[in-house]
Amino acid sequence: MLEYIFFDTGLRDDFVAFVQSLGLVFELRDDPLGLVVAVEEENLDDALEDQLEDCYASLEKRQAELLRQEAGGYQQLAGFRVNLPDGKTAQVPMTPEMANRLLANFTLKEIQELLDTVARSVVDPHQHLCEILRSDS
């Protein structure tokens, strides 16, 4: 499942409408840090994934603008989910500018892989590069 997180119901609903227009299977769930739309990857080709990511990037810009306009301490906050080796998940908070820089250069899937790799390395910092190379082959 590809997961997309929102902090505004209206933007989440706009994304859901787009996902439905593509005929994709998805689920909605609440996360302690936001509203998640999880899209089934089974029938997702590269072109559809690109369309989803373009739509999400557009909505994320609107979301960042909404957060800037709101009063309170969350005006400049974005984040990505990280899968921890023990099966739990966590959120990595960052500024919207940094999140947008990542999204401008990497797909959500690539960002997820990067963060998951960092999490595994933090849990097992003594793993040598040659061990990693052996496990990949």
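Reader: Is Asp14 buried, partly exposed or exposed?
Author: Keep in mind that this is a predicted model. Asp14 has a relative accessible area of 35%. Buried would need under 20% and exposed over 50%, so Asp14 counts as partly exposed.

Reader: Which residue forms a salt bridge with Asp14?
Author: Look for a nitrogen of Lys or Arg within 4 Å of a carboxyl oxygen. For Asp14, the closest N and O atoms of the pair are 3.1 Å apart. The partner sits in helix 2 (residues 46-69), while Asp14 is in helix 1 (residues 9-21), so the bridge ties together parts that are 48 residues apart in sequence. That partner, partly exposed at 42% relative accessibility, is Arg62.

Reader: What about Arg12 and Asp13: which of the two is buried?
Author: Their side chains meet in a salt bridge, 3.0 Å from N to O. Asp13 comes out at 39% relative accessibility, which makes it partly exposed. The other one has a relative accessible area of 13%, and under 20% means buried, so the buried one is Arg12.

Reader: How far apart are the closest N and O atoms of Arg29 and Glu3?
Author: This pair links distant parts of the chain, with Arg29 in strand 2 (residues 26-31) and Glu3 in strand 1, 26 residues apart. Both are partly exposed, Arg29 at 33% and Glu3 at 25%. Their closest N and O atoms are separated by 2.1 Å.

Reader: Which residue joins Glu3 and Arg29 in a network of salt bridges?
Author: The structure holds 4 salt bridges. Arg29 and Glu3 form one of them, and the network that contains both also takes in Glu27.

Reader: Now the largest pocket: which element gives the largest share of its lining?
Author: The pocket has a volume of about 380 Å³. Of its 22 lining residues, the closest to the centre are Glu3, Tyr4, Phe80, Arg81 and Gln112. Strand 1 (2-6), strand 4 (78-83), strand 5 (89-94) and helix 4 each supply at least two lining residues. The largest share, 5 residues, comes from helix 4.

Reader: How many residues of that lining are nonpolar?
Author: The lining is a mix of classes. It has 6 charged residues and 4 polar ones. The nonpolar residues number 12.

Reader: What is the area of the nonpolar surface patch with Val122?
Author: Val122 is found in helix 4 (residues 108-123). At 61% relative accessibility it is over the 50% cut-off, so Val122 counts as exposed. Together with Leu114 and Val118, Val122 makes a nonpolar patch of about 270 Å².

Definitions and conventions:
Residues numbered from 1 in each chain as written. Predicted model: local features only at pLDDT ≥ 70, side-chain atom pairs only at ≥ 80, totals over all residues. Heavy atoms only, no water. Patch = residues over 30% accessible without salt bridge, like charges linked within 9 Å, V, L, I, M, F, W, Y side chains within 5 Å. Areas by Shrake-Rupley, 256 points an atom, 1.4 Å probe, with all protein chains shown as cover. Helix = DSSP H or I, 4+ residues; strand = E, 2+ residues; numbered from the N terminus. Buried < 20%, exposed > 50% of the residue type's maximum accessible area, 1.4 Å probe, protein only. 1 Å grid on protein atoms, 1.4 Å probe; cavity = no way out; pocket = protein on both sides within 12 Å on 5 of 7 lines; lining within 4 Å. Points joined across faces, edges and corners; volume = space filled by probe spheres on them. Nonpolar A, V, L, I, M, F, W, Y, C, P; charged D, E, K, R; others polar.
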